[in-house]
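Colleague: I am new to reading models like this one, and I would like a close look at a single part. Could you walk me through the largest pocket, and then show me how it sits beside the rest of the chain?

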Amino acid sequence: MLDQKNPSDPAEGSQTGPAYLCLHGHFYQPPREDPFTELLPIEPGATPFANYNEKITTECYLPNAEAGNFDEINYDLGPTLAAWLEDAHPDVYQRIIDADRHNIARYGVGNAMAQAYNHTILPLANARDKRTQIVWGLSDFRHRYGRDATGMWLAETAVDIETLDLLAQYGVSYTILAPWQAATPVDPTEPYIVRLLDGRSITVFFYNAPLSGGVSFDWNTTSNADLFAASYLPDHLVKSKRESGEAQLILIATDGELYGHHKPWRDKFLEHLVHTGAPSFGFEVCTLERYMRMHPATKEVALRVPSAWSCGHGVARWDTGCECTEGDSSWKGKLRQALQHLAMHTDRLFEQYTAETLADPWAARNAYLPVRNGWETLESFWTSYGRHAGPPADPLLEQRTLLLLEAQYYTQCSFTSCGFFFEDLDRIEPRNDIAFARRAISLTWQALGIDLQPDFVNELRAAKSWRSSLTGADIYRQLPIVRPDQLPPLPLPQAEDVDEEENIA
Ligand SMILES: [Zn+2]
């Protein structure tokens with residue numbers, strides 16, 4: 001339902017410059033579907049719900065959608081979560097998508113941002129993979145919202161210049177970063193321009209770190225929305241801007257699941273803040289593109305790259321590890337190396353074995369997502385990307401190409417950042433990245449009869465859990481059994497392997 005409320009202009013009838021408030025929610029969960037069945041396993045931790053997606057829907061997505069909160073905030077809904085929600089709770093999904101349409105009807109601009117597809121840490125990806133992640137994120141957005149995205153949320157706000165430049169090349173005009181990602185101190189109450197290559201640029205909004213942290217981690221901050229608007233928010237406005245009549249924006253960016261799941265009742269806090277609390281105390285609730293239209297960035301900023309919002313160690317948290325996670329994080333570098341070597345193999349085979357069927361295999365990969373998800377026909381895909389402007393004459397060659405494209409899809413999934421975020425290897429998130437990699441191995445095997453398992457599993461032995469001493473190879477061997485035509489049997493570990501493992505450890 002369209003909200004007809006006219007937000008009051010805080011400048012009207014007052015002596016001060018307008019103050020705007022934007023709340024951005026990053027709605028996303030690590031994908032946990034079994035890549036062979038594409039089903040979510042039962043998750044005992046979520047009892048009485050069948051799994052965490054169900055639990056979080058009840059606690060967060062549903063109540064926020066019912067309260068009309070998505071209409072008032074800025075948000076991104078991760079593609080893998082959106083796909084699940086669309087299927088499992090189409091009504092909730094539709095309310096979230098409609099919020100963007102309502103904003104377009106009210107203001108001429110939407111309030112949803114796209115997300116790089118697999119929640120990959122883009123500065124750690126090569127240029128080709130960055131491009132695919134961005135293009136897939138944009139196609140997913142176009143399919144769901146019926147328009148081109150103008151903003152993109154980057155996983156963990158991880159950024160480097162190449163990533164931003166690719167965003168600009170694909171027509172994305174803004175993103176959100178943490179203030180410490182700027183090379184010099186910034187005033188987060190206004191957006192900035194980042195200069196890129198060949199005259200391109202992008203607008204960057206820096207969120208208010210103390211307030212975003214407060215909403216995320218401090219219960220007292222969010223116990224009362226009126227109090228928050230009356231006493232916390234004004235302290236973060238720039239006094240000189242107030243006095244000179246200049247507009248300013250307070251942006252609070254957090255994980256969306258905070259509003260009701262991580263913290264019960266924060267959906268109510270959000271509802272009251274955006275509908276009543278903030279407007280009552282002179283703040284106009286606003287979204288980012290709308291703000292950018294009214295008050296475009298005028299100042300430029302240089303960035304500290306690579307960097308991310310989680311900590312001050314660049315992107316080391318997802319690469320070689322950093323001191324922000326407990327215990328020995330050397331498993332992260334080993335797991336990443338194994339996945340990167342596997343990707344090198346699957347990429348080489350993909351390029352080699354699709355040369356005779358695809359005009360440009362990498363352009364075809366970028367165009368593959370809508371085809372695999374059934375949003376575009378296979379016929380139109382082959383017309384645009386087939387080497388001979390159509391499918392190969394030999395149906396076996398067509399089948400092989402599609403299996404290799406699907407292997408590429410799962411190779412991309414295997415770099416989901418959640419696998420590297422937490423402290424230990426022996427957790428569901430790294431296990432899932434290994435499971436995605438195994439699916440890519442299986443598809444390559446089905447396409448070509450080439451088994452990439454032995455090398456991959458051998459490399460995984462170097463990644464070791466400091467908590468349980470399980471290695472990546474042990475975790476691989478524990479994955480659910482699949483049909484013999486999907487994967488060849490894995491040789492049992494040899495005695496000398498065990499010795500070697502001990503030496504490595
Ligand atoms: Zn760190």
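Modeller: Happy to; here is the largest pocket, followed by the second largest and the chain as a whole.

A word on the basics: this is a predicted model, in which local features need pLDDT of at least 70 and side-chain atom pairs count only at pLDDT 80 or more, while totals for chains, interfaces and linings use all residues. Residues are numbered from 1 along each chain as its sequence is written, and side-chain values use heavy atoms, with hydrogens and water left out.

Rolling a probe the size of a water molecule over the atoms shows where empty space is left. Here a pocket is an open set of points, on a 1 Å grid over the protein atoms alone, where a 1.4 Å probe fits, with protein on both sides within 12 Å along at least five of seven lines; lining residues have an atom within 4 Å of a point. Points are joined across faces, edges and corners, and a volume is the space filled by probe spheres set on them.

The largest pocket holds about 920 Å³ of space. It is lined by 34 residues, and the closest to its centre are E156, D255, H262, F421 and F422. At least two lining residues come from each of α1 (52–66), α7 (209–217), β8 (248–255), α17 (418–421) and α18 (428–448); these are DSSP runs numbered from the N terminus, helices being H or I of at least four residues and strands E of at least two. The biggest contributor is α7, with five residues. By class, the lining has 15 nonpolar, ten polar and nine charged residues. Nonpolar covers Ala, Val, Leu, Ile, Met, Phe, Trp, Tyr, Cys and Pro, charged covers Asp, Glu, Lys and Arg, and polar the others, Gly among them.

Now for its neighbour in the ranking. The second largest pocket has a volume of about 600 Å³. Of its 24 lining residues, E33, E38, T80, A83 and Y409 are the closest to the centre. Two or more residues each come from α3 (79–88), α5 (127–145) and α16 (395–413), and α3 gives the largest share, six. This lining divides into 13 nonpolar, four polar and seven charged residues.

Finally, the whole chain has 21 helices and ten strands. Its C-alpha atoms fill a box of roughly 75 × 55 × 45 Å along the principal axes. Of the 505 residues, 57% are buried, meaning under 20% relative accessible area with a 1.4 Å probe, protein chains only.

Notes
Buried means under 20% relative accessible area, exposed over 50%, partly exposed in between (1.4 Å probe, protein chains only).
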